[in-house]
Amino acid sequence: MEQAISPADRLSVPVHVIERRIHLIRGQRVMLDSDLAELYQVETRALVQSVKRNIERFPVDFVFQLTTEEAEAMRSQTVIASKRNIRYQPYAFTEHGVAMLSAVLKSDRAVRMSIFIVRAFVQLRELLATNKELARKVEQLEAAQKQQARTQQQHAAILVSVVQDIQKLKNPPVTRAIGFIARSPKKK
């Protein structure tokens, strides 16, 4: 039986477009209010007002407002609008905050887009987990190669020592004879 295409799958926004708008701030992957407003096709002001009206649904692990320093750092990366165009510090939404936005915005587009964005977060998380596993395997391989190099160096040193010992046996060094030398008596 063939599955029906869900409304979320009919959106025309490629996943990589959303992934580029996911930033790492305070050790969390987040999306900024202006990016979400653009994707949801609402004004940023309306999105923020909806969040403020339903603030009990948005604890600090769902949404937080950037500090002046964080906003300035984002502006220097040309991620958010310049100082002239912005009157407040942007809000950053975690994956859970994005999911909650669909409940407060109450439009079909918001619901579909939230599903799509959460999928992008999940895909990014899986990609990062895969990269961590790959990095761990490379580190293990490098450690094994270093151990093998140490073992080869040890074997080489032993072989050099054996060859030197064999050469000494083949060509013994000239030594003075051991014992007394009898001198002939002197004639008077």
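**Sheet and helix α2: a quick Q&A**

In this predicted model, β2 and strand β4 (residues 91-93) pair in the antiparallel sense, with two bridges between them.

Trainee: Let's start there. Which residue in β4 does L32 stand opposite?

Mentor: The two strands, β2 and β4, run antiparallel and share two bridges. Look across from L32 into β4, and the residue opposite is A92.

Trainee: What about the other partner, β1? How many bridges join β1 to β2?

Mentor: β1 covers residues 22-25 and β2 covers residues 28-32, and they run antiparallel. One pair to find on screen is L24 with its bridge partner R29 in β2. The number of bridges joining β1 to β2 is four.

Trainee: And which residue in that hairpin takes a positive phi?

Mentor: The hairpin of β1 and β2 has two residues between the strands. The one with a positive phi, near 55 degrees, is R26.

Trainee: Zooming out, which strands are at the edges of the sheet?

Mentor: Four strands make an open, antiparallel sheet in the order β1-β2-β4-β3. An edge strand here pairs on one side only, and β3 is residues 63-65. That gives the edge strands as β1 and β3.

Trainee: Which helix packs on the sheet?

Mentor: From one strand to the next, the sheet's twist averages 45 degrees. The helix in question touches β1, β2 and β4, and its direction makes about 150 degrees with that of β2. It spans residues 108-170 and is helix α6.

Trainee: On to α2. Why is helix α2 largely enclosed by the rest of the structure?

Mentor: Go through residues 33-40 and you find D33, D35, L36, A37, L39 and Y40 buried. Helix α2 is largely enclosed because, of its eight residues, the number buried is six.

Trainee: What comes right after α2, with a positive phi?

Mentor: Step just past the end of α2 and check the backbone: phi there is positive, near 60 degrees. The residue is Q41.

Trainee: D33 bugs me. How far away is the nearest side chain of opposite charge?

Mentor: D33 is found in helix α2, and it is buried yet has no salt bridge. Leaving out residues up to four places away in sequence, D33 touches T44, L47, V48, Y88, P90, Y91 and F93. A salt bridge would need a Lys or Arg side-chain nitrogen within 4 Å of a carboxyl oxygen. For D33, the nearest side chain of opposite charge is K52, at 8.8 Å.

Definitions and conventions
Residues are numbered from 1 along each chain as its sequence is written. This is a predicted model: local features need pLDDT of at least 70, side-chain atom pairs count only at pLDDT 80 or more; totals for chains, interfaces and linings use all residues. Side-chain values use heavy atoms; hydrogens and water are left out. Buried means under 20% relative accessible area, exposed over 50%, partly exposed in between (1.4 Å probe, protein chains only). Two strands pair if DSSP finds at least two bridges between them. Lys and Arg count as positive and Asp and Glu as negative; His and the chain ends are not counted. Contact means heavy atoms within 4.5 Å. Axes are lines fitted to C-alpha atoms, for helices over the stretch in contact, and angles run from 0 to 180 degrees between N-to-C directions.
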